[in-house]
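Biologist: Please take a close look at one charged pairing in this model and explain it step by step. I should then like to see how that part fits with the rest of the chain.

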Amino acid sequence: MKTKSLIFLIILFITSFINLYAQEKILQTAEELFMNNKPADAIPLFVLALQQEPNNEKIYLMLGISYAQTKNYSKAVETFQEGGKKALRDRDIFYYNAGNIYYIMGQYVPADEMYTRAVRENGNNGDIYLNRANTRLNMQMYSEALADYRIYLAIDPQTYQRESILKLIALLDNRLTQERQLKEEEELRRLVEERRREALLNEVLGSLQNVLDETRSVSAGAERVSDFREELDLED
């Protein structure tokens with residue numbers, strides 16, 4: 001009996017070792033394919049490895065990138081978002097990559113949402129602010145884009161894109177100033193027109209009052225004429 005139990009434990013140990021070796025081999029092969037720029041070949045192995053290790057955020061990241069490289073953007077976004085939920089650290093990287101995929105697809109609203117999530121996880125990553133600024137620029141959210149560009153330069157003042165971004169900031173600042181001036185001028189025109197209409201209305205009301213006063217005068221005069229006629233009739 002003891003011998004059978006010992007044999008069973010040995011078999012169980014060997015099986016577990018083989019399974020563990022197989023798992024490591026699958027992930028290792030997938031990583032090698034990934035590093036050799038063969039994402040299409042790596043994807044099914046990453047999917048298999050993820051089934052074996054459903055909480056391995058590294059697999060989520062490489063699988064998401066592989067989907068993106070093969071232009072399977074919907075699966076890439078899905079994988080990055082799922083990885084962001086499972087990740088214990090570096091969640092900003094998952095949401096940042098999801099935002100990048102949405103941006104590539106021209107879906108700026110969800111891209112902005114993903115970048116904002118990434119900022120909440122890590123407010124010191126300048127690239128997130130830069131890409132969110134570009135997204136907001138496409139959404140014509142100029143004030144918000146301007147703020148993000150400035151934050152990016154504050155985080156990474158030595159960026160090679162500094163001069164280009166400074167020019168863009170100047171253009172946006174000028175545009176917002178012009179828009180603000182136009183709004184102020186429009187508001188001034190509205191107030192002037194409102195006062196003109198009010199003055200015109202008061203003038204019309206004043207004219208009506210004058211007409212009413214004249215009507216009352218004529219009415220009173222007519223009563224006197226009637227009284228005078230009655231007096232004439234009496235005299236006759």
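Modeller: Arg-150 counts as partly exposed, because its relative accessibility of 42% falls between the limits of 20% for buried and 50% for exposed. Please keep in mind that the model is a predicted one. The side chain of Arg-150 meets that of Asp-173 in a salt bridge, with 3.1 Å from N to O. Since Arg-150 belongs to helix α8 (residues 142-155) and Asp-173 to helix α9, the pair ties together parts that lie 23 residues apart in sequence. Asp-173 has a relative accessibility of 32%, and it therefore counts as partly exposed as well. A general principle applies here: side chains of opposite charge can pair when their charged atoms come close.

Helix α8 also spans the position of Asp-148, and this residue leads to a further group of charges. Asp-148 is linked with Asp-112, Arg-132 and Arg-136 in a network of salt bridges. Within this network, the side chains of Arg-132 and Asp-148 make a polar contact of 2.7 Å. Arg-132 lies in helix α7, which covers residues 126-138. Is Arg-132 buried or exposed? Arg-132 counts as buried, because its relative accessibility is 9%, under the limit of 20%. If residues up to four places away in sequence are not counted, Arg-132 touches Asp-112, Tyr-115, Thr-116, Val-119 and Asp-148.

One of these residues, Tyr-115, is also touched by Gly-99. Gly-99 has its place in helix α5, residues 91-104. Its relative accessibility is 0%, so Gly-99 counts as buried. With residues up to four places away again left out, Gly-99 touches Ala-111 and Met-114 in addition to Tyr-115. The C-alpha atoms of Gly-99 and Ala-118 are separated by 8.7 Å, although these residues are 19 apart along the chain.

Helix α8 and helix α9 also contribute to the nonpolar interior. Which residues have the most contacts inside the largest nonpolar core? They are Phe-46, Tyr-149 and Ile-165, in a core of 45 residues. Ile-165 is in contact with Leu-130, Tyr-149, Tyr-152 and Leu-153, leaving aside its neighbours within four places in sequence.

Helix α9 runs over residues 162-235 and includes Leu-201. Here the nonpolar side chains are found on the surface: Leu-200, Leu-201, Val-204, Leu-205 and Leu-208 form a nonpolar patch there, and together they have about 450 Å² of accessible area.

The pairing of Arg-150 and Asp-173 may now be set beside others, for the structure holds eight salt bridges. Another one joins the side chains of Lys-58 and Glu-31, at 3.1 Å from N to O. This pair links distant parts of the chain, with Lys-58 in helix α3 (residues 57-69) and Glu-31 in helix α1 (residues 2-35), 27 residues apart. Lys-58 counts as partly exposed because its relative accessibility is 47%.

A further salt bridge is formed by Glu-82 and Lys-86, whose closest N and O atoms are 3.8 Å apart. Why are these two residues separated by about one helical turn? The reason is that they stand four residues apart in helix α4, which covers residues 73-86. Glu-82 is partly exposed, with 30% relative accessibility, and Lys-86 is partly exposed too, at 29%.

Two loops beside helix α4 deserve attention for their backbone angles. Lys-71 is found in the loop between α3 and α4, and its phi is near 65°, a positive value in a residue other than glycine. Lys-71 counts as exposed because its relative accessible area is 59%. Asp-90 lies in the loop between α4 and α5. Phi of Asp-90 is near 60°, which is again a positive value in a residue other than glycine. At 40% relative accessibility, Asp-90 counts as partly exposed.

Finally, these details can be placed within the whole protein. The protein has nine helices and zero strands. Of its 236 residues, 29% are buried. Among contacts with a separation of 6 or more, residues 24 or more positions apart account for 40%. The accessible surface comes to about 16300 Å², and 55% of it belongs to carbon and sulfur atoms.

Terms used: Residues numbered from 1 in each chain as written. Predicted model: local features only at pLDDT ≥ 70, side-chain atom pairs only at ≥ 80, totals over all residues. Heavy atoms only, no water. Patch = residues over 30% accessible without salt bridge, like charges linked within 9 Å, V, L, I, M, F, W, Y side chains within 5 Å. Areas by Shrake-Rupley, 256 points an atom, 1.4 Å probe, with all protein chains shown as cover. Salt bridge = Lys/Arg side-chain N within 4 Å of Asp/Glu carboxyl O. Buried < 20%, exposed > 50% of the residue type's maximum accessible area, 1.4 Å probe, protein only. Contact = heavy atoms within 4.5 Å. Polar contact = N/O pair within 3.5 Å; in protein donor to acceptor, adjacent residues only side chain to side chain. Core = buried A, V, L, I, M, F, W, Y, C linked by side-chain atoms within 4.5 Å.
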